[in-house]
Every structure is written in structure tokens, then in C-alpha cells.
Amino acid sequence: MASNNLCPNYHPIFWVPKEMVPIDNGATLATANGHGAGKAAVAEVATVSPGSESNGAQLEIDVSRRKKSAILPLEVGTRVNCRWRDGKFHPVKVIERRKLPVGGPNDYEYYVHYTEFNRRLDEWIKLEQLDLSSVETDVDEKVEDKVTSLKMTRHQKRKIDEIHVEGHEELDAASLREHEEFTKVKNIATIELGRYEIDTWYFSPFPPEYHDCTKLFFCEFCLNFMKRKEQLQRHMRKCDLKHPPGDEIYRNGTLSMFEVDGKKNKVYGQNLCYLAKLFLDHKTLYYDVDLFLFYVLCECDDRGCHMVGYFSKEKHSEESYNLACILTLPPYQRKGYGKFLIAFSYELSKKEAKVGTPERPLSDLGLLSYRGYWTRVLLDILKKHKGNISIKELSDMTAIKAEDILSTLQSLELIQYRKGQHVICADPKVLDRHLKAAGRGGLDVDVSKLIWTPYKEQS
């Protein structure tokens, strides 16, 4: 992040590191084992004295060129190795291709998915980054997926977003294929939001008039988005908002939380959903925002209240959902804001005198975040509590749904079956070990600073 040594009225764009480090476009020479990269996968031979060695080298070049021209352009679905940010080659699948505006008939760039990693790393790459000697075109998808699964460690499986299943348990096979086809290529590469330029992670269904854009400019207060920097500058001279268009329900130092009613502020709600989808793979709410409340967390300074993340919540949920969607924007991640948002959702449930639970299905990483929160809250109580305590009592104290409490304690192996009933076993050393494994709790919610009336009581 660049430091601001400029005049007070100038607000520079703070650089956010790309998910993928730019690849050196210089040609890589072929190695002895046949692995190389780029258009110059086989090196041109320098001036050599006449003879059989020279003829042999030239013949090898000619054969290589014929092989290369035979497989180019690469077809969609092709498997090949691609040079990644670590300088090593990793397997990718070609998702899409597009013709370069200048060049020959085989000059394309390719949109690839790194099969070992999360879909957020998908990107457009140049031919120079590919090792054409590793091209595979006829791969049995099911067999290959099985082999890849066997190679992954348990830690890798936990970290990787299984895009073919996760978050779409409610979709049939045809609908899932349609979703994946529709969202397979990022349409917006970067956005500008306040002081930050941010690389996006996923596709977002912006209106048709924005289909030709690779970068969008957002007003950080009303979240209107534009195609050009000049449009944003004109808008900012007229926009009188300095915070989200809702009620401030929490203020503690420089942190502030605003409640935005999707029905009263429909355009803001929709814009927030467009923005969030750029960083959430499986979010499906775009237009039907009337039934939701949005809780927008901001960092405040003398220029206004700047959004760092949010969660949404149904106004009325029969399933006791107290959170529908949650996002911390990339520049503000790893600062404890995600844990703060989860804790805040439970403080609202306590105010409502209800138990709460996040909307299902949870992603693998979402479940990890919640399991960490549940573990810290429950074990803190068990450490301090004297005497017996039941699941129901824990639920009443924390607003955590009984099923979530039971599954958390079972995963920690703190539930035993004795004399015909389940008993919580709270050995202090075991609790300390689990608490240490759960990590830090993030920023605390100071309940005394929360001024909020549950929605059902509003006129």
C-alpha cells in the first residue's frame, strides 16, 4: 500500500496486490526433457558450421513447428500446463479463448482455470505462458477428477472451493451446468472503489450496457457504478452521501454499522449485490432486495464512512436465519472484520430474543469461520461456568441454535454418552487446546454501543 505524502485534497488509488503475479512474457527455451514455455518453446539455432548437427537441429525445429501449428489454436476444454506466479508450471483447463486483434490465425489468448486452485484465480493468459508439450485434449473428466482428488491432501481439500457442488445443493444437474456456463468467465477484471483498485474474483451479472467493460468505477457511498473515471468524478461532485443510505446503529471509535432497508433503498441494495457477486462465487440475490436488511460495516474518517464489508439478513425467516450473505472486501480482509460481522449478527439475535443460524448451504470456508466463532464462544462459557450446563442453556446464553452447538461440541469430541444421556465433558486442558486451535476472535462488539430496534417492532 502506497503512503499518502500528497496534498490533503488528493486521494490516490491504493494498489492492491493481484491474485496472480504478472508473468514474464519472455520466451523460455526448451529443456532437455522437453518442457518449455511460450512461442519459442524450441530455441532458434544460432549460426552453426555446416554439417549433420546443423541439419539435425534445423530438422528438429521444423518438426516442432509443424507439431505446434497442428494443435493451435487450443480448443476449449484442452488440458495443458501453465506457468504460475511461483515460476512453476501448474495444470490448467482452457475455459474460453478469444482472437487477438492483431496477429496470425493462431494468435489467441486463453481464459484458464488452474485445476489445483480456487476459481477466483481464473484468468486470461498469453500463449507464451503455456507449455505446449503438455497438451491433453481427450481426458475423461470423471477419471481425471478422481485422480486429482486422490492427489490432494486433506488440508488442500479444505482450502479449495469445490465449484461443481458447493453452494448449489438445491440445483439439479442441468441448472448447475447452465450456471457454470453462464458464469465461467469473469466479465469485470478490476473495480475502483474509494482509495482502492481491486482485482475481482468472479463473474457478476451487470446490465447489458456494461458487457464491454473490463473495469468499473464505483461511488463508495451510494455504490452507483460507471464505465469511465470522468463519469465518477462528475458524479462525486454531485453525490451528497458520505455514508450508506440507512440508519447508523453502531459507532465505536472509527467503526460504524449502518442498517439499510432493501425496500426503502432498492437501488443501493441491488448495487451492493452486483458488487458482492464479484467476490462471491455462489451468490444468487441481485434484484429481490425488498425482503432483506443490509448491515454495512464502515471505517470512518473526516472524508466519510467507507464500506469495508457487510452481511444481509432476511426481515422474516421461518428457519431462524440471522445471516444470508457475508462479505469483507479484499483490501480489508485478515483484519478481524469477518469475525466481527458474524458476532454482530448474533448480537442482533440476542436483541430479538431469538436463536440464530446462518443460511444454508455454507461453503467450506464459511463453515470454518462459523465453527471457529462457535468454538470460541462456547468454550469461553464452559471455562467460566461452574456446575452442570445444558445445550438449551448454552443456546439461550449465546443465541446460537442448539443444532449448531451440538455439532460443534461433537466435532471437538466434547460430548460423551453416559448413563443414557449426552454429557458435556469440559476438561480445562482440553478446552484450552481447542481454544488455541480456534484462533483469535477478531474485533469485539461493544454491545453498549449498539442502538437498534428489531424490524418487527418498526412502524
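A salt bridge, for this talk, is a side-chain nitrogen of Lys or Arg within 4 Å of a carboxyl oxygen of Asp or Glu. Hello everyone, and thanks for coming. Please keep in mind throughout that what we have here is a predicted model. With that rule in hand, the count for this chain is 20 salt bridges.

Let me set the scene with the whole chain before we go into those pairs. The secondary structure adds up to 11 helices and 19 strands. There are 459 residues, and 43% of them count as buried. If you take contacts between residues at least 6 apart in sequence, 59% of those contacts join residues at least 24 apart.

Now, back to the salt bridges. I'd like to start with K126 and E109, where the closest N and O atoms are 3.3 Å apart. This pair links distant parts of the chain: K126 sits in the loop between β5 (123-125) and β6 (130-136), E109 belongs to strand β4 (residues 108-114), and 17 residues separate them in sequence. How accessible are the partners? K126 counts as partly exposed, since its relative accessibility is 33%. E109, at 12% relative accessibility, counts as buried.

Next, please turn to E192, which is worth a longer stop. Which residues share a network of salt bridges with E192? They are E197, K215 and K229. Let's take two of the links in turn.

One link is between K215 and E192, with 3.9 Å from N to O. K215 is in strand β9 (residues 215-218) and E192 is in strand β7 (residues 190-193), so this pair too connects distant parts of the chain, 23 residues apart. K215 has a relative accessible area of 23%, which makes this lysine partly exposed. E192 itself is buried, with a relative accessible area of 4%.

The other link joins K229 to E192, and here the N to O distance is 2.4 Å. Because K229 lies in helix α5 (residues 229-238) while E192 lies in strand β7, the pair ties together parts that are 37 residues apart in sequence. K229 is another partly exposed lysine, at 28% relative accessibility.

Staying in strand β7 for a moment, let's move from charge to the nonpolar interior. The largest nonpolar core has 78 residues, and I191, M257 and F344 are the ones that touch the most other members. What does I191 contact beyond its neighbours within four places in sequence? The list is Y196, E197, I198, T200, L216, F218, L275, L278 and F279. A second core, separate from that one, has 16 residues, including W84, V92, V94 and L127.

One more buried residue deserves a mention, and that is F258 in strand β12 (residues 255-261). F258 counts as buried because its relative accessibility is 3%. Y295 is 37 residues away from F258 in sequence, yet their C-alpha atoms are 5.6 Å apart in space. Leaving out residues up to four places away in sequence, F258 touches H243, P244, G246, D247, E248, F294, Y295, V296, C298 and C305.

Finally, let's look for empty space. Rolling a probe the size of a water molecule over the atoms shows where such space is left. How many cavities of 30 Å³ or more turn up? The count is 2.

The largest cavity holds about 70 Å³ of space. Its lining is made by L193, G194, R195, Y196, I198, E220, H306, M307, P331 and Y332. The elements that contribute two or more residues to this lining are β8 (196-199) and β14 (304-314). By class, we find 6 nonpolar, 2 polar and 2 charged residues around the largest cavity. If Y196 and I198 sound familiar, both are also among the contacts of I191.

The second largest cavity has a volume of about 30 Å³. Here the lining residues are Y111, R119, D122, T183, K184, K186, W201, Y202 and F203. That lining divides into 4 nonpolar, 1 polar and 4 charged residues.

To wrap up, here is what I'd keep on screen for the discussion. One view is the network of E192, E197, K215 and K229. Another is I191, in the largest nonpolar core. The third is the largest cavity, with E220 and H306 among its lining residues. Thanks for listening, and I'm happy to take questions.

Technical notes:
Residues numbered from 1 in each chain as written. Predicted model: local features only at pLDDT ≥ 70, side-chain atom pairs only at ≥ 80, totals over all residues. Heavy atoms only, no water. Helix = DSSP H or I, 4+ residues; strand = E, 2+ residues; numbered from the N terminus. Buried < 20%, exposed > 50% of the residue type's maximum accessible area, 1.4 Å probe, protein only. 1 Å grid on protein atoms, 1.4 Å probe; cavity = no way out; pocket = protein on both sides within 12 Å on 5 of 7 lines; lining within 4 Å. Points joined across faces, edges and corners; volume = space filled by probe spheres on them. Nonpolar A, V, L, I, M, F, W, Y, C, P; charged D, E, K, R; others polar. Core = buried A, V, L, I, M, F, W, Y, C linked by side-chain atoms within 4.5 Å. Contact = heavy atoms within 4.5 Å.
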